[in-house]
Amino acid sequence: MHRVLCTLGVLLLLALKTGPVSASELRLALGGWDYDLSGQYNDSLRDRDLERDLAVRPRDQGSVSLDYEWRDGRPDLAAAFVQIGARGRSQENVPVGIGPVPIGSASTTLDSVGDFTDLEFSARWPLSRGALRFSPGLVLKHLGGEIQVFEDGVEVSRQDVDVWFPQPLARLDWKPSRYVRINTSAQGIAYDGDHAVEWQASAELALGVLLVQAGWQEKSYRVHDDDSELDVQLRGPVFRVGLSF
C-alpha cells in the first residue's frame, strides 16, 4: 500500500509541474468497494467453485483514485488502486481406500486465502459537447497477488499472479452543474486465454473542495499458468470521499 501511495504522489507532482492548476481539475478520493465474488479456481487436482466448494468471502477491500483533467486539449491522466482480498473455510469429503479399493471417505478442512492488488494508469482524450464529455482512452493495468488452498493446514495448491493488461477504455461524463457529475466507463482486453474486463457507473457530489462519490463497479479476471486457472467475477457498490482542486 505504501508503494502505491508513493506512485500516486509522484503522478500528482508530475501533473502539478506540467501545467497550472487553474487550467485543470485534480480529484483525489479514498474509499471502499463492498463487492461479492463468484467464480472458479482450477488446479491440477480438481476444479473448485469459489463459493460452493471453498466458501470464500471478501475481506480487505479498499481503493484509491487520482484523476487529473486538463482544460486545454491535453489528455486527462488517472491512476487507481484497488485492494482485493478473500478468505474461506469449508469441509470436503475425500475417498479413503486400501490401494485401488475404496473403503469409505474422510472429512478434511480446506482453508483458502486470496490477496490481490489491481493497479492501473490511464490516459483519456476527451471530446466535449455541452455538459457531456466522451473520453476514449488507454489503460495499463497490473494484477498481482496469490491464491492458496490449505488442506488440514498443509498447502496443496497455489497460484501466483503477476500480469500486465493493456486495455482500451471508453468513458462518458455528464456534468449538469458544477456540483454534480455522473459518469460511466468500460474497459477490457482478452488474449491468450486470459482476460481483464470491467465497467463502472457513479455519481459525484462536489461541496467546495470536498468530494463524495457513490456508484457500482464490476470486474472480471481470468488468469492461468501451466498448473492452475483463476476465473473470478467481483461486483458491488463503491463509496469514496476525497478532495477536488
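**Strand pairing, core and cavities in a predicted model**

User: In what sense do S1 and strand S13 (residues 229-244) pair, and which residue is the bridge partner of Leu28 in S13?

Analyst: In this predicted model, S1 and strand S13 (residues 229-244) run antiparallel to each other and are joined over seven bridges. Within that pairing, the residue of S13 that forms the bridge with Leu28 is Leu243.

User: Which residue in S4 stands opposite Leu30?

Analyst: Strand S1 (residues 24-33) also pairs with strand S4 (residues 56-70), in the antiparallel sense and over eight bridges. Opposite Leu30 in S4 stands Val64.

User: Which strand gives the most residues to the largest nonpolar core?

Analyst: The largest nonpolar core has 25 residues, and those touching the most other members are Leu37, Leu50, Leu143, Leu230 and Leu234. Several strands each supply at least two residues of this core, among them S2 (36-42), S5 (76-98) and S8 (132-151). With four residues, the strand that gives the most is S13.

User: How many charged residues are in the lining of the largest cavity?

Analyst: The largest cavity has a volume of about 530 Å³, and of its 31 lining residues the closest to the centre are Ser65, Ala80, Glu120, Arg171 and Arg240. Divided by class, this lining has ten nonpolar and ten polar residues, and the number of charged residues is eleven.

User: How many nonpolar residues are in the lining of the second largest cavity?

Analyst: The second largest cavity holds about 220 Å³ of space and is lined by 18 residues, with Ile84, Ala86, Phe116, Leu230 and Val232 nearest its centre. Its lining includes three polar residues and one charged residue, while the nonpolar residues number 14.

How values were computed:
Residues numbered from 1 in each chain as written. Predicted model: local features only at pLDDT ≥ 70, side-chain atom pairs only at ≥ 80, totals over all residues. Heavy atoms only, no water. Pairing = 2+ DSSP bridges. Core = buried A, V, L, I, M, F, W, Y, C linked by side-chain atoms within 4.5 Å. Buried < 20%, exposed > 50% of the residue type's maximum accessible area, 1.4 Å probe, protein only. 1 Å grid on protein atoms, 1.4 Å probe; cavity = no way out; pocket = protein on both sides within 12 Å on 5 of 7 lines; lining within 4 Å. Points joined across faces, edges and corners; volume = space filled by probe spheres on them. Nonpolar A, V, L, I, M, F, W, Y, C, P; charged D, E, K, R; others polar.
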